[in-house]
Amino acid sequence: MAIKDNIFRGYDIRGIYPAELNENAVYYTTKAFCELYPQAKKIALARDPRPSSPALWEAAKKAFLEYDRDIIDLGIAPDPLWYFSIFHYGYDGGLMITGSHNPPDQNGLTYHARDGVGGFSEELMGQSLQDLRRKAQELENKEKTPAKIGGSLTNFDPTADYIEYITSKIKLSRPLKIVLDPGNGSCGYLPEKIFKKLGCQTITINGDFDGAFPNHLPDPYLPETRRALGTKVIEYGADIGFAYDTDGDRVAISDSRGRAANGDDTLLMLARDAVARKKGVVVHCMRVSKAFIDDMKRLGASPMFSVSHHNAIRANVKKYNAVFGGEITFHYAFPLDYYLVDDAIFSSVELAKVASSFVDFAAYIDSLPHYFASPELNIECADEIKFDIIANLQDYLRKNHYDFIDIDGARINFDHGWALARCSNTAPLIKCKFEGETPADLKEIEQKALQIFKNCGLSINSKHYEFLGI
């Protein structure tokens, strides 16, 4: 089965198993990785609990061994253990097999490689993934010759070292009662072990590995995912609850009243904590609230827009020597405290540190500045044309002298709010969001922006107005 172009996205490799992403694709993509990154000799290999992950793991293992690679097999492990292993032990690279928060019929690949002179290890993305695709397809089409197995495989569990390292970084002001929901994903009972070592009382729901995700999809950005967590927090009388995604690179919180804090709130809490220790650049995504930007400026920080993806956020944190970075989709980077990786377990410990400093954490969340934002509006648009439409929008805004930011799509600044249109990284969609300082400002901005979007080729229709309630 020929390797499909569409599984190679801007920041990762994703596809439906086995129609798009299958053993053949993993085998040749891993061989391509070995050819393009010959310096990557010692490889950390991990997978999530999806039903397809063992078969894809076997395909990757075969390719690595044929290229004389030394595999450090972590088994079922979340991104936090995988990242930690690469950085803490100085491995040359890694492969994580996970579909992240996507449904169980999908899976994905994330490759890491250290540069040729032993420098920083980074995820392959953008042009690097396209180079990987071309090389994989080239190898697939070559005449096959019998392969020799020359590498090695070692089973390894970094859990004890990881727990020791994380708990040495954070001290809580007081012990907390905590509910944890890994959603049957890769985090399992690891967060519970860490919080217990920090002196907290914890319970875990949906902690057993089950890649069918029988209770709910482990996507903490979805309100329905956090509902069970909020109910359990109230039942347990907890101070806070954490919901993780499948691979453990995103975490959302529930406060002591069982309410889910939104992405702007958690981003602001963590940014405030970082800025209180060191003033500097704070990198954030395009969808962040104006209230966040205003608060960062008030505190003497320098907020900086970035392309909306956690890899891009981390790259900019590194480039500009930022003190913090994050997205409203619950991805965070902590350069003052930790390796520059996407670790939701470490993020939850940082959030627990914030919560432990307040007698009433829910009241603190209520005190955070808020404006009035729409839900995200998704407009269907074919992958082949969506970037052209956004380019048309940017051209229109320039010609008509609008104040806007074009780092990722177009974020139009109005007198009392903003509107954003940007291409989805993973789906044939253009994602739109609107915010106003008052409800009246929001409605006015939605009306103005939708007309601009429509003029520039977005397929705006009555159902979009109905969705926004205008």
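**A tour from a pocket to a helix**

Start with the second largest pocket, which holds about 440 Å³ of space. Its lining has 20 residues, and the ones closest to the centre are Gly10, Lys386, Phe387, Ser424 and Asn425. Keep in mind as you click around that this is a predicted model.

Now color the lining by residue type: you should get eight nonpolar, seven polar and five charged residues. Which helix gives the largest share of this lining? Select residues 383–399, and you have helix 13, which supplies four residues.

Next, pick Ser424, one of the residues closest to the pocket's centre. You'll find Ser424 in the loop between strand 20 (417–423) and strand 21 (429–436). Is Ser424 buried or exposed? Its relative accessible area is 3%, under the 20% cut-off, so Ser424 counts as buried. Show its contacts too: leaving out residues up to four places away in sequence, Ser424 touches Lys386, Leu429 and Lys431.

Time to move to another part of the model. Select residues 23–36 and you're on helix 1, 14 residues that reach 20 Å from the first C-alpha to the last, close to the 20 Å expected. At its N-terminal end, look for Asn22, the cap: a side-chain oxygen of Asn22 lies 3.3 Å from the backbone nitrogen of Asn24.

Then turn on the surface. Ten of the 14 residues of helix 1 are buried, so the rest of the structure largely encloses this helix. Among the buried ones are Tyr27, Tyr28, Lys31 and Phe33. What covers them? To see part of the answer, select elements including strand 1 (13–16), helix 2 (53–66), strand 5 (106–114) and helix 4 (127–141), which help cover the buried residues of helix 1.

Definitions and conventions. Residues are numbered from 1 along each chain as its sequence is written. This is a predicted model: local features need pLDDT of at least 70, side-chain atom pairs count only at pLDDT 80 or more; totals for chains, interfaces and linings use all residues. Side-chain values use heavy atoms; hydrogens and water are left out. Helices (H or I, at least four residues) and strands (E, at least two) are DSSP runs, numbered from the N terminus. Buried means under 20% relative accessible area, exposed over 50%, partly exposed in between (1.4 Å probe, protein chains only). Contact means heavy atoms within 4.5 Å. On a 1 Å grid over the protein atoms alone, a cavity is a set of points where a 1.4 Å probe fits but cannot get out, and a pocket is an open set with protein on both sides within 12 Å along at least five of seven lines; lining residues have an atom within 4 Å of a point. Grid points are joined across faces, edges and corners, and a volume is the space filled by probe spheres set on the points. Ala, Val, Leu, Ile, Met, Phe, Trp, Tyr, Cys and Pro count as nonpolar, Asp, Glu, Lys and Arg as charged, and the others, Gly among them, as polar. The expected span of a helix is 1.5 Å times one less than its number of residues. A polar contact is a pair of N or O atoms within 3.5 Å; within protein, one must be able to donate a hydrogen and the other to accept it, and residues adjacent in sequence count only if both atoms are side-chain atoms.
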